Amino acid sequence: MANSQDAPDNQAWPPLPFPEWSDTCSTLHMWFQIVGKIRMVQTPWTNHAWNVTLYLTARGLTTSPIPYGTRLFGIDFDFIDHELRIDTSDGMRRMIPLRARAVADMYDDVFAQLADLGMRIRINAVPNEVVEAIPFTVDRKHASYDPVFANRYFRALAQADRVFKKFRARFIGKNSPVHLFWGSMDLATTRFSGRTAPAHPGGIPNCPDWVTRDAYSHEVSSCGFWPGNEQMPEAVFYSYAYPEPTGFKSAAVRPSEARYDAGFGEFVLPYEVVRQAQDPDAVLLDFLQSTYEAAADLAKWDRRALEATAEVPRS
């Protein structure tokens, strides 16, 4: 099996210049959507679409167990051996190599393997949250896979996931898991004040407005990691509030390299700033904490009731 641990830059926080892997990123985005939609149609809807997400593993990303009748199955992306694996609770497994191939071919292969495992599943084969929504069945535009950058992306996700979980542990109110939304391809965790929010205006490309309104039914402070796109061609950490309180965009946040992006309506901190820092964990946690405090204080959250006051002892 191939191993893409590229020795020259095999550090914990690998370089991830978006222009050098944009084609692979776009292809992975579509592959994530295929797999994520399989989880979506097989699981009961959970508030804020928490039933559709993917999660980090020690080797890549997973759907976690999905029901099919009385059976369970899971689909995993392995970015070390570069395989897509489908495992079932009755001991069956199918593997698909991750390599440069069209989205249409990957779609056909995934559903052929599921059928061979005795699972007939149908999804809406059109991507969400992208402007150019090419149906998966005919998408031959996205056909790139660079194993080096796929592995770097996974390693960057792994660091973000690890630090986000430290940050998440500071909050005892309603708090989402750290999970990857395949619609926008961002790893995120969200805190809730407990108060309802005004109806979201929607308008996200190829995403039903009711989904967006469900996602933002309650007041939130949300943060995440995003690999970038053509409009923002760099990987960034982000933080935003909905509804955005007055004064949020001009709030003093840390570190100094963080900025409010009016186009995206959120604070962003370049991944490269964190990667190059002497203490990346501390810099990222400072960004997450200071942007959350800006949102919570300006919106007058009951922080005393919502935040953990002490670390639970380890035993």
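Modeller: Let us begin with a term: a residue is called partly exposed when its relative accessible area lies between the buried limit, under 20%, and the exposed limit, over 50%. The model before us is predicted.

Biologist: Where does R94 fall on that scale, and what is its relative accessible area?

Modeller: R94 has a relative accessible area of 22%, and is therefore partly exposed.

Biologist: How should one read a contact between charged side chains, and which residue does R94 meet in a salt bridge?

Modeller: The general idea is that side chains of opposite charge can pair when their charged atoms come close. In this structure, the side chain of R94 forms a salt bridge with that of D116, at 2.8 Å from N to O. The pair joins distant parts of the chain, for R94 belongs to strand β6 (residues 93–97) and D116 to helix α2 (residues 103–116), 22 residues apart. D116 is likewise partly exposed, with a relative accessible area of 49%.

Biologist: How many salt bridges are found in the whole structure?

Modeller: The search finds 21. Two of them involve R303: its side chain meets D297 at 2.9 Å, N to O, and E307 at 2.5 Å, N to O.

Biologist: Are these partners of R303, D297 and E307, buried or partly exposed?

Modeller: D297 is partly exposed, because its relative accessible area is 44%. E307, by contrast, is buried, because its value is 16%, which is under the 20% limit.

Biologist: Which residues are joined into one network by salt bridges that share partners?

Modeller: Such shared partners link R59, D78, D81, E83 and R85 into one network.

Terms used. Residues are numbered from 1 along each chain as its sequence is written. This is a predicted model: local features need pLDDT of at least 70, side-chain atom pairs count only at pLDDT 80 or more; totals for chains, interfaces and linings use all residues. Side-chain values use heavy atoms; hydrogens and water are left out. A salt bridge is a side-chain nitrogen of Lys or Arg within 4 Å of a carboxyl oxygen of Asp or Glu. Helices (H or I, at least four residues) and strands (E, at least two) are DSSP runs, numbered from the N terminus. Buried means under 20% relative accessible area, exposed over 50%, partly exposed in between (1.4 Å probe, protein chains only).
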